[in-house]
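Colleague: Before I rely on any of the labels given to this model, I would like to hear the grounds for each of them. Could you take me through them one at a time?

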Amino acid sequence: MKTPKMVLFDYGQTLIAEQKFDGVKGTEAVLQYATRNKYHLLAEQVQAKANEINREVGRVDPEKRHLFQIEIPNTMFTPYLYESQGIEIALTNSEIDTIFWNAAAPGVPTEGIKDFLGYLKKKGIRTGVISNISYAPSVVAERINRLLPENTFEFIITSSNFMFRKPNRRIFDLALEKAELQPDEVWYIGDQYECDVKGSLNAGLLPVWYIGAIDLPYAEDKNILTANTWKEIECYMEG
């Protein structure tokens, strides 16, 4: 098996294992910074409106949302959510993202990822990130760099910054352009089959299905490299 020149990673449940998303907790944290709440709405009511909007744009089903191929960034979603309900928040959009995310879905590095990143660095294999995520790019980068401070990611591509979501090949093509590499020189590691595995495969990269922290239904594909641990992926590279 050809050793890659670069490995690209998914973010959620691949680099970082997040707790189950709780939008009400996130909204409660944000509402503490409200300078105006015209209708005295509770977090549950505000989150219900968020869910309603998500249903309108087809993003609410957790089994299908990851396949929604165009991103609606929080820089557009959040101002509408609050201002349409007569709420003013004394925070920037990025600050709202940080406070909401930390309360709604705190995360920790997946087991063994720090050692694996160290292994790649020693081997001289370049690294980067492609993430389907609505949070501001700077907020995503801050979380990754805080939880994985020794990373050497050359770039962190977020759908919130570049519009397209995996499995759309355009976001993989963007990464290849930034890396100045050909598809067969790059591996992509992620936990979601349709989005990460099939998406990167269709873009010509070699996919590795990391299922160590999988949070969606899992059905094995024997034609795809799979791994429960990062050590297994090291073994693939050592051949």
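Modeller: Gladly, with the reminder that this is a predicted model. I suggest starting at helix H10, residues 230–238, where Trp230, Ile233, Glu234 and Met237 are buried, a word that stands for under 20% relative accessible area.

Colleague: What makes the buried residues of H10 line one face of the helix?

Modeller: Seen down the axis of H10, its buried residues fall within an arc of 105°, so they line one face of the helix. The face turned away from that buried side carries Lys231, Cys235 and Glu238, which are exposed, and exposed requires over 50% relative accessible area.

Colleague: Which elements do the buried residues of H10 pack against, and what follows the helix?

Modeller: They pack against strands S1 (6–9), S8 (186–190), S9 (206–210) and S10 (225–227), and also against helix H5 (113–123), where contact is taken as heavy atoms within 4.5 Å. Glycine 239 follows H10, and its phi is positive, near 70°.

Colleague: Which strands are the edge strands of the open sheet, and what makes them so?

Modeller: The sheet is formed by six strands in the order S7-S6-S1-S8-S9-S10, with parallel pairing. The edge strands are S7 (153–158) and S10, each of which pairs on one side only. From one strand to the next, the twist averages 20°.

Colleague: How do you know that S8 and S9 pair?

Modeller: Two strands count as paired if DSSP finds at least two bridges between them, and S8 and S9 are joined in the parallel sense over four bridges; S8 and S9 therefore meet that criterion. Tryptophan 187 has leucine 206 of S9 as its bridge partner, while tyrosine 188 stands opposite proline 207 in S9. S1 and S8 likewise pair in the parallel sense over four bridges, and valine 7 has tryptophan 187 as its bridge partner in S8.

Colleague: Why is S8 described as largely enclosed?

Modeller: Five of the five residues of S8 are buried, so the strand is largely enclosed by the rest of the structure. Val186, Tyr188 and Gly190 point one way from S8, whereas Trp187 and Ile189 point the other way, and all are buried. In a regular strand, side chains alternate between the two faces of the sheet.

Colleague: Which helix lies across S1, S6, S7 and S8, and at what angle to S7?

Modeller: Helix H8, residues 169–179, lies across S1, S6, S7 and S8 and runs at about 155° to S7.

Colleague: What makes a set of residues a nonpolar core, and which members touch the most others in the largest one?

Modeller: Buried nonpolar residues must be joined through side-chain atoms within 4.5 Å. The largest such core has 50 residues, of which Phe9, Phe116 and Ile189 touch the most other members. Another core, of 15 residues, lies apart from it and includes Met6, Phe155, Ala175 and Val186.

Colleague: Finally, why is the protein chain called as compact as a globular protein of its length?

Modeller: The protein chain has ten helices and ten strands. Its radius of gyration is 19 Å, close to the 18 Å that the globule rule gives for 239 residues, so the protein chain is as compact as a globular protein of that length. Of the 239 residues, 49% count as buried, and residues 24 or more positions apart account for 72% of the contacts with a separation of 6 or more.

Notes. Residues numbered from 1 in each chain as written. Predicted model: local features only at pLDDT ≥ 70, side-chain atom pairs only at ≥ 80, totals over all residues. Heavy atoms only, no water. Buried < 20%, exposed > 50% of the residue type's maximum accessible area, 1.4 Å probe, protein only. Helix = DSSP H or I, 4+ residues; strand = E, 2+ residues; numbered from the N terminus. Arc of directions from axis to C-beta. Axes fitted to C-alpha atoms, helices over the stretch in contact; angles between N-to-C directions. Rg over C-alpha atoms; globule rule 2.2 N^0.38 Å.
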